[in-house]
Structure formats: C-alpha cells, structure tokens
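Student: Please give me a close look at the ligand and what surrounds it. Add enough about the rest of the chain that I can place the site and judge what to read with caution.

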Amino acid sequence: MKNCFFCILFPLIFSFHKNDKRFDNKDQALYKNADFPVGVAIKIKRLKNDAIYRGLVREQFNSFTAENIMKPSYLHPEKDVFYFDDADYLAEFCKKNNKRLHGHTLVWHKSLPSWVENFKGNKAAWEAMLKEHVKTIVIHYKGFINSWDVVNEAFNDDGSLRKNIWLKNIGESYIEKSFIYANEADPTAKLFYNDFNLEASRTKLNTVLQFVADLKSRGIKIDGIGMQMHVKHYYPDINAINQAAFKVQENGLLVHYSELSVSLNKKNKSLTLTNEMLTLQKKKIKEIVEGYMKLKKNAQFGITIWGLSDPAVAWQRDKNIDWPFLYDQNYNPKPAYYGFLEALTEKTGS
Ligand code: XIL
C-alpha cells in the first residue's frame, strides 16, 4: 500500500516540476548563453522573501543592479547617517553567488533625501556635501562594486541641463565634480553617465556625447553611457536604437543598456494583454539583443532588464500598468524571454 502511494506520488511531483516552465530553464540560463553580462534590477524584499524570485535571478542573470536601495535617499537618509544594511545584504548575495553588482545611482534629481532638499550653504558647502556623499558610498563598496552610475538624468530631451538642486547650488560643474569624486574614491571603478531617451532623441544623445567628450578632453574619467532603454514595442525603431548604441561606442565609451523594459501599453490606455502584443514584444527584444551583439566586444558592458517579472509601471512618457519584462506575474517565461534567448543562441551578431 505504502509503495503504491509513492509510486503514484513521485511521478506526479516530477511531472509537475517538469511541466513548470519556471524550472526548466537551467541550461537555457540567459547569462550562460551570452558573452556579455546579462543583468536584472533587484527588488530587495523579493530577494529576501521570495524563494522563486531568488532562484530565478540567480539562475538567469550574472549582473545585478539595485532597483531602489542604492539611491541617495536609501543610502544616505540623514546628513551624518548612511544606511548600508539592505545594500550590504544584496552585495553579500552577489558575492556568494558570483554576480556582478553595478552601483545605481550616486547623484540624481529624484530619490533625494529631505536633508539635501533643505540643505543650506554656499557653493563650497554644497560641493563638500556632494563630495562626502559620493566618496563615502563608493569607498564603502570599493573592491566589490567595480562600476557606478555616477550621475543620472542630468539632461532634458532638448539637450538643456535639467534644472535640479545640484545645478542650482553648484552649477554645471556638479556633473564633472561627481565624476572626479567617484574616481578619487575608487580609481579602478568604471564610471557611467546614465539617462533615458538616448536611443530616441538625437539631440539629447549628441549633447550628452559632446558633454562627455569635453569632460574626457579635460582629463576627467568617464567610461561609459548607461542607455536606460525604457522603450515601447513600436518605438523607437530598431535602427534608431542600434545607431544610438553605435554612436556611443564610436565615442570610445562602454555601452550599458542599463534599464531595459519593453512596454506594451499604448499612450495612457490600459490595454488587455494579447498574444499579438506578446509576439511583438518578443520581436523587439530579439532585435535589441541582436543589435547589441553587433557592438564591439570591448564596448559591451551588458544588458540589464529593469525587473524580473510583470506587471510594472512604465517609467517614462506615461505611468500605466504594463507588462515590460521577460517573466509573467507567475514567474513563467514569456515569449520575450525566448526572444532574448534566441538572439543569444542563434548568434546572428557575431
Ligand atoms: C524607478 C524604480 O523602478 C521604481 O521602483 C521607483 O519608484 C522609481 O525609480 N530611471 C532610473 C531608475 O534611473 O532608477 C528608475 O527606477 C526608473 C527610471
């Protein structure tokens, strides 16, 4: 009787497991098929509490970026208080599992702690405060984190500098100062300027590249551009994306697709997800990865997806619920996942 019970139970468990697409991807792991780092933005709560999430990010990706917990308001909540616990947890996880951790982000107009917003002082005081902020964080992770988004989203689409608290109190030099401080703190770290719409707005891309070239000509270290790549399945077109990435490469900079998401939701309309949309998303992801693979090997810093699973909001243009990632809400791989994988395994890029 007992034997019979197990005879029935074991094959049953095994077949459930076998048919569960969440668990059949071990050999298909994205990063194992790629010759560039494949990354994911990490939600710390899920990493701590959700075993399936933890298993999947470990199995599929070899580069991690904190989605939120390494932003200024998290790491530096009070003027004299740094809070590293959560980011240290993530760093430990990465160490243990041999994953790269990319630092995101030191200087931004968002996720500002209120003490920065209320900070009073002249230009020199602001610079000293910025310096302490950047250096303390970079030094804390020195030797483990080898790359940073130093400045995030400093430009508008029309090429003008974004009016933010740093520009107001320090002037345009806050950007180069941030890079100088980060480099002083860790001379071996790769330093990135990160922004959105670089693949869509030529004006913005050209301005950023000119700005960076000027910094470099004055001996300031900057290694790469994070193209966030919050794109839509229908926009921008793949040629525009590829041309933008090539331009970054031609400027001698590393190319990081730093926050890839492919939205399906059109202009403030919350749509129902259809198979057709999923197929279009798959096509777009595949094209994006194929294009990226045509860059020079030494320019490929990696492709990072801005989340593991749906749903999410789109981060720019509109704020609707969307399905921009590679896994669905039950952690099953979507067609987009297979689009990414096919691009890697068909090796059209090499
Ligand atoms: C977003 C996160 O994904 C959200 O959870 C958070 O509420 C806001 O920030 N550009 C960036 C990222 O550089 O840090 C942003 O991340 C998305 C846009």
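Tutor: Over residues 1-19, pLDDT stays under 50; pLDDT is the predictor's confidence in each residue, from 0 to 100. For residues 1-19 the model has three contacts beyond four places in sequence, a contact being heavy atoms within 4.5 Å. The protein chain has a mean pLDDT of 92, and 89% of its residues reach 70 or more. The model is predicted, so local features need pLDDT of at least 70 and side-chain atom pairs count only at pLDDT 80 or more, while totals for chains, interfaces and linings use all residues. Residues are numbered from 1 along each chain as its sequence is written, and side-chain values use heavy atoms, with hydrogens and water left out.

Now the ligand. It is surrounded by 13 residues, of which the closest are E67, K71, H104, N152 and E259; a residue is counted here if one of its heavy atoms lies within 4 Å of the ligand. By class, that shell holds four charged, six polar and three nonpolar residues. In this scheme Asp, Glu, Lys and Arg are charged; Ala, Val, Leu, Ile, Met, Phe, Trp, Tyr, Cys and Pro are nonpolar; the others, Gly among them, are polar. The side chain of E259 has an N or O atom 2.7 Å from an oxygen atom of the ligand. For K71, a polar side-chain atom is 2.8 Å from a ligand oxygen atom. For N152, an N or O atom of the side chain is 2.9 Å from a ligand oxygen atom. On its own the ligand has 410 Å² of accessible area, and the protein covers 75% of it; accessible areas come from the Shrake-Rupley method with a 1.4 Å probe, and for residues only the protein chains shown count as cover.

E259 leads on to T304, since E259 is one of the residues that T304 contacts once neighbours within four places in sequence are left aside. The others in that set are G39, V40, A41, T65, H256, Y257, S258 and L260. T304 sits in strand β9, residues 300-305; helices (H or I, at least four residues) and strands (E, at least two) are DSSP runs, numbered from the N terminus. With a relative accessibility of 0%, T304 is buried, where buried means under 20% relative accessible area, exposed over 50%, and partly exposed in between (1.4 Å probe, protein chains only). The side chains of T304 and H256 are joined by a polar contact of 2.8 Å. A polar contact is a pair of N or O atoms within 3.5 Å; within protein, one must be able to donate a hydrogen and the other to accept it, and residues adjacent in sequence count only if both atoms are side-chain atoms.

H104 is another of the residues closest to the ligand. The peptide bond between H104 and T105 is cis, with omega about 0°, and T105 belongs to strand β3, residues 100-107. Most peptide bonds are trans. A second cis bond runs from Y235 to P236, with omega near -10°; P236 is in the loop between β7 (230-232) and α12 (238-250).

H104 is also among the residues that W148 touches, not counting those up to four places away in sequence; that set includes M70, H102, G103 and F192. W148 is in strand β4, residues 147-152, and is buried at 0% relative accessibility. Its C-alpha atom is 4.4 Å from that of G103, although W148 and G103 are 45 residues apart along the chain.

Two asparagines have unusual backbone angles to check. Most residues other than glycine have a negative phi. N98 has a positive phi, near 60°; this residue lies in the loop between α6 (85-96) and β3 and is exposed at 68% relative accessible area. N197 has a positive phi of about 65°; its loop runs between β5 (190-195) and α11 (202-217), and N197 is buried at 7%.

As for the whole, the protein chain has 14 helices and 11 strands. Of its 350 residues, 55% are buried. Among its contacts with a separation of 6 or more, 77% are between residues 24 or more positions apart.
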